Amino acid sequence: MRPINQAVTTLLLSASLIVVHCSLQAEDLIDHSSNVFKFQHKLAENGNVHAQFKLATMYETGDGVNADIEQAKNWYTKASAAGSAPANQRLTYLEVKQQGYNPSQHKQWLASVKEDAAAHNADSTYLLAQLYSQGIGVKKDLAKSLELYDQVAILGSADVEKEITEVQAQIVKAREAKVVERMKREQEQVRQLAAKQAQEKNKQQQKIKQAEVEKLEREEKRRRYEAVMLKLKQEQEMIDRQQAEMTG
């Protein structure tokens, strides 16, 4: 029994070390994000345009800091004023999310995003992927969104593993919904067919019943007719007998 106990103890210790290691990794990631935020914040305050853009994205996504859209818009505005085209695109994106897409007002913005994405600009490609995943300014297309996120991953400018996983999950969910919808339609078709068959069967039964009723009515009329004719015959025979007796 002692070797078994030692093995169990070793296994428990190993599991504990794994949990501690994972916890430390999670804490390291949090600390790392927080340190990146502080570093970017300092650079942004000193007027670094790239840092201003990065800081804005961190505020937008809640990376290393609590999400704050107003702060994100604030830093995107500063970066845009300093000549950052991606910052200007994302600033408009946030406005569109809050106020809705207006074709006459945002058509040029959408065209610039598509044009820059076609030129393999990572920030614009990422933004266009978001637009397709949310159906903003374009018809919602999860497959197209996933394709664009894959392009961003290939460019290596951003970690979009989370976005890719979310879109993949949405695609699976959409497919499952289509399957369920198709099954519902098939079930409804079967129900309608069964109802139609039942209706036809009921009509046939009604016809058979009506035919039987009509047959019984004809037989009853025939019986009444035969009874009347028999009575007339009997009365005629009686009259004939009486006449014969009177003339006899």
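This passage describes two pockets and two helix pairs in a predicted model.

The largest pocket encloses about 970 Å³ of space. Its lining is made up of 28 residues. Thr61, Tyr126, Ala158, Asp159 and Glu163 lie nearest the centre of this pocket. Four helices each supply at least two residues of the lining. They are helix 2 (49-61), helix 6 (122-134), helix 7 (142-155) and helix 8 (161-247). By class, the lining of the largest pocket holds ten nonpolar, nine polar and nine charged residues.

The second largest pocket has a volume of about 180 Å³. Lys140, Asp141, Leu142, Ala143, Ile171, Ala174, Arg175 and Lys178 line this pocket. Helix 7 and helix 8 are the elements that give two or more residues to this lining. Helix 8 gives the most, with four residues. The lining of the second largest pocket has four nonpolar and four charged residues, and no polar ones.

Two helix pairs were then examined. Two packed helices are described by the angle between their axes and the distance between the axes. For helix 6 and helix 7, the angle is about 160° and the axes are 8 Å apart. Angles over 145 degrees count as roughly antiparallel, so helix 6 and helix 7 are roughly antiparallel to each other. Their crossing is left-handed. On the side of helix 6, the contact is made by Ala122, Thr125, Tyr126, Leu128, Ala129, Gln130, Tyr132 and Ser133. On the side of helix 7, Leu142, Lys144, Ser145, Leu148, Tyr149, Gln151, Val152 and Leu155 take part. The contact of helix 6 with helix 7 comprises ten nonpolar residues, five polar residues and one charged residue. Tyr126 of helix 6 belongs to this contact, and Tyr126 is also among the residues nearest the centre of the largest pocket. Leu142 of helix 7 is in the contact too, and Leu142 also lines the second largest pocket.

The second pair is helix 2 and helix 3 (residues 69-81). Their axes come within 8 Å and cross at roughly 160°. Helix 2 is therefore roughly antiparallel to helix 3. The crossing of helix 2 and helix 3 is left-handed. Helix 2 makes the contact through Val49, Gln52, Phe53, Leu55, Ala56, Thr57, Tyr59 and Glu60. Helix 3 contributes Ile69, Gln71, Ala72, Trp75, Tyr76, Lys78 and Ala79. By class, the contact of helix 2 with helix 3 has ten nonpolar, three polar and two charged residues.

Definitions and conventions:
Residues numbered from 1 in each chain as written. Predicted model: local features only at pLDDT ≥ 70, side-chain atom pairs only at ≥ 80, totals over all residues. Heavy atoms only, no water. 1 Å grid on protein atoms, 1.4 Å probe; cavity = no way out; pocket = protein on both sides within 12 Å on 5 of 7 lines; lining within 4 Å. Points joined across faces, edges and corners; volume = space filled by probe spheres on them. Nonpolar A, V, L, I, M, F, W, Y, C, P; charged D, E, K, R; others polar. Axes fitted to C-alpha atoms, helices over the stretch in contact; angles between N-to-C directions. Parallel < 35°, antiparallel > 145°, perpendicular 65-115°, else oblique. Left-handed = near helix turned anticlockwise from the far one by under 90°. Contact = heavy atoms within 4.5 Å.
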